[in-house]
Amino acid sequence: MREAASNQIGFKSAFEQFRALSNVQEQFGQTHAGVYRTIALMASLDDTQVKALRADLARQVAGIKRAATDVTGAQDATAATAIAAQSDKYLAQADMAIDMSSVDPNTGIAALRGADESFAALSKTLGEMVARMDAG
């Protein structure tokens, strides 16, 4: 009876971690799409709006980083470290692309190439963690 209760608690905890990491993946995708929207709308935004969007991007990525490292840190310290580094790199590249697009939207779009690569790397790391949780 105790073993069944213990197994149920373990399963529930693993499921919550799996769900949390899946939510992080979804939020990260929405954040990345938001960067593209920001650059697409750059010509119609004033400096105050751009600053607010950049600050919001930083908050979103910090939240994603915190949530992902909280979940993965208990499972895989190496993955948690990779997620933290990839999140920081993504934020720097996406923010730079937004900054560059305020001068020229085409330059901003070109600068997003690095952010796209970081997005793909972080998405892959998150996906690998979800797959490990699903398998184990």
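1. In this predicted model, the protein chain has a mean pLDDT of 87, and 88% of its residues reach 70 or more. Confidence is not uniform along the chain: helix α1 (residues 2–40) has the lowest mean, at 78, whereas α3 has the highest, at 93. As a general caution, predicted coordinates should not be read in detail where pLDDT is low.

2. Helix α3 covers residues 77–101, a run of 25 residues. From its first C-alpha to its last, α3 reaches 36 Å, close to the 36 Å expected at 1.5 Å a residue. The N-terminal end of this helix is capped by D76, which places a side-chain oxygen 3.1 Å from the backbone nitrogen of T78.

3. The buried residues of α3 are A79, A80, I83, A84, Q86, S87, Y90, Q93, A94, A97, I98 and S101. Polar residues are named here beside alanines and isoleucines, including Q86, S87 and Q93. For reading such a list, it helps that an α-helix has 3.6 residues a turn, so residues three or four places apart point the same way.

4. Two of the residues just listed, Y90 and Q93, also appear among the contacts of S118, a residue of helix α4 (residues 105–135). Leaving aside residues up to four places away in sequence, S118 touches K89, Y90 and Q93. The side chains of S118 and Q93 are joined by a polar contact of 2.4 Å. S118 has a relative accessibility of 5%, and therefore counts as buried.

5. Turning to the aromatic residues, the count comes to 2 aromatic pairs. In one of them, the ring centres of F28 and Y90 lie 5.0 Å apart with the planes at 75°, so this pair is edge-to-face. The pair links distant parts of the chain, since F28 belongs to helix α1 and Y90 to helix α3, 62 residues apart. Both F28 and Y90 are buried.

6. F28 also pairs with F119: the ring centres are 4.8 Å apart and the planes stand at 35°, so the pair is tilted. Because F28 lies in helix α1 and F119 in helix α4, this pair ties together parts that are 91 residues apart in sequence.

7. Together, F28, Y90 and F119 form one aromatic cluster. F28 takes part in the pair with Y90 and in the pair with F119. The relative accessible area of F28 is 2%, so this residue is buried. A reader examining the cluster should bear in mind that F28 lies in α1, the helix where confidence is lowest.

How values were computed: Residues numbered from 1 in each chain as written. Predicted model: local features only at pLDDT ≥ 70, side-chain atom pairs only at ≥ 80, totals over all residues. Heavy atoms only, no water. Helix = DSSP H or I, 4+ residues; strand = E, 2+ residues; numbered from the N terminus. Buried < 20%, exposed > 50% of the residue type's maximum accessible area, 1.4 Å probe, protein only. Polar contact = N/O pair within 3.5 Å; in protein donor to acceptor, adjacent residues only side chain to side chain. Contact = heavy atoms within 4.5 Å. Expected span 1.5 Å × (residues − 1). pLDDT = per-residue confidence, 0-100. Phe/Tyr/Trp six-rings, centres within 6.5 Å; stacked < 30°, edge-to-face > 60°.
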